[in-house]
Amino acid sequence: MKNPDLKKARKAINTIAEKENMTETDVRSEMKAAIAEGMRSADPAVKAMWEAVPSEGDVPEPEELIAWLAEQVRKKLKT
């Protein structure tokens, strides 16, 4: 994942935190819980989607997921 994309993702988390009157840590914690829940899905299509998300570890960090999703949207808009 390109560093500028991760920077934009960090900024998005900061923006969410400000709008929701939360800390960035709390936003990231909630996102991590949602990611963990999504990754537990038994649906083969959902599993395939999670396997497609690039990450440095076994579980994508919120920034990695945001950056990847943004890239998927950009690709869809180009078609």
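Here are some worked exercises on a predicted model of a protein chain.

**Exercise 1. Get the overall layout: how many helices and strands does the protein chain have, and what pattern do they follow along the sequence?**

Step 1. Start with the secondary structure, which comes to four helices and zero strands.

Step 2. Now walk along the sequence, and the pattern reads α-α-α-α.

Step 3. For the overall dimensions, take the principal axes: the C-alpha atoms fill a box of roughly 35 × 30 × 20 Å.

Step 4. Next, burial: of the 79 residues in the protein chain, 22% are buried.

Step 5. Finally, look at contacts between residues at least 6 apart in sequence; 47% of these join residues at least 24 apart.

**Exercise 2. Work out how helix 1 and helix 2 are arranged: at roughly what angle do their axes cross, and which residues meet?**

Step 1. Helix 1 covers residues 3–19, and helix 2 covers residues 24–39.

Step 2. Their axes come within 8 Å and cross at roughly 110 degrees.

Step 3. An angle from 65 to 115 degrees counts as roughly perpendicular, so helix 1 and helix 2 are roughly perpendicular to each other.

Step 4. On the helix 1 side, the residues in the contact are I13, N14, I16 and A17; they meet E24, V27, R28 and M31 in helix 2.

Step 5. Sorted by class, this contact of helix 1 with helix 2 has five nonpolar, one polar and two charged residues.

**Exercise 3. Go through some of the salt bridges: how many does the structure hold, and which parts does the E61–K32 pair tie together?**

Step 1. The general idea first: side chains of opposite charge can pair when their charged atoms come close.

Step 2. The total is six salt bridges.

Step 3. One of them pairs E61 with K32, with 3.4 Å between the closest N and O atoms. E61 sits in the loop between helix 3 (44–52) and helix 4 (62–78), while K32 belongs to helix 2, so this pair ties together parts that are 29 residues apart in sequence.

Step 4. Check the accessibility of both partners. E61 is partly exposed at 31% relative accessible area, and K32 is partly exposed at 39%.

Step 5. Another salt bridge joins R40 and E37, at 2.6 Å from N to O. R40 is exposed, with a relative accessible area of 58%, whereas E37 is partly exposed at 49%.

Step 6. Then there's E71 with R74, at 2.9 Å from N to O. These two are three residues apart in helix 4, so about one helical turn separates them. E71 is partly exposed at 25% relative accessibility, and R74 is partly exposed at 33%.

Step 7. Salt bridges can also share partners, and that is how R28, K32, E61 and E63 are joined into one network.

**Exercise 4. Place E63 in its surroundings: is E63 buried or exposed, and which side chain does its own side chain make a polar contact with?**

Step 1. Locate E63 first: it's in helix 4.

Step 2. Its relative accessible area is 9%. The cut-off for buried is under 20%, so E63 is buried.

Step 3. The side chain of E63 makes a polar contact with the side chain of R28, at 2.7 Å.

Step 4. Leave aside neighbours within four places in sequence, and E63 is in contact with L6, A9, R10, I13 and R28.

Step 5. Link this to the earlier exercises: I13 and R28 are also among the residues where helix 1 and helix 2 meet.

**Exercise 5. Set W50 beside S55: where does each residue lie, and which residues does each one touch?**

Step 1. W50 lies in helix 3, while S55 is in the loop between helix 3 and helix 4.

Step 2. W50 is buried, with a relative accessible area of 13%; S55 is partly exposed at 27%.

Step 3. Not counting residues up to four places away in sequence, W50 touches I35, G38, M39, P60 and L65. With the same exclusion, S55 touches P60 and E64.

Step 4. Compare C-alpha separations. W50 and M39 are eleven residues apart along the chain, with 6.5 Å between their C-alpha atoms. For S55 and L77, 22 residues apart along the chain, the separation is 23 Å.

Step 5. To finish, a polar atom of the S55 side chain lies 2.6 Å from the backbone oxygen of G57.

Note on methods. Residues numbered from 1 in each chain as written. Predicted model: local features only at pLDDT ≥ 70, side-chain atom pairs only at ≥ 80, totals over all residues. Heavy atoms only, no water. Salt bridge = Lys/Arg side-chain N within 4 Å of Asp/Glu carboxyl O. Buried < 20%, exposed > 50% of the residue type's maximum accessible area, 1.4 Å probe, protein only. Axes fitted to C-alpha atoms, helices over the stretch in contact; angles between N-to-C directions. Parallel < 35°, antiparallel > 145°, perpendicular 65-115°, else oblique. Contact = heavy atoms within 4.5 Å. Nonpolar A, V, L, I, M, F, W, Y, C, P; charged D, E, K, R; others polar. Polar contact = N/O pair within 3.5 Å; in protein donor to acceptor, adjacent residues only side chain to side chain.
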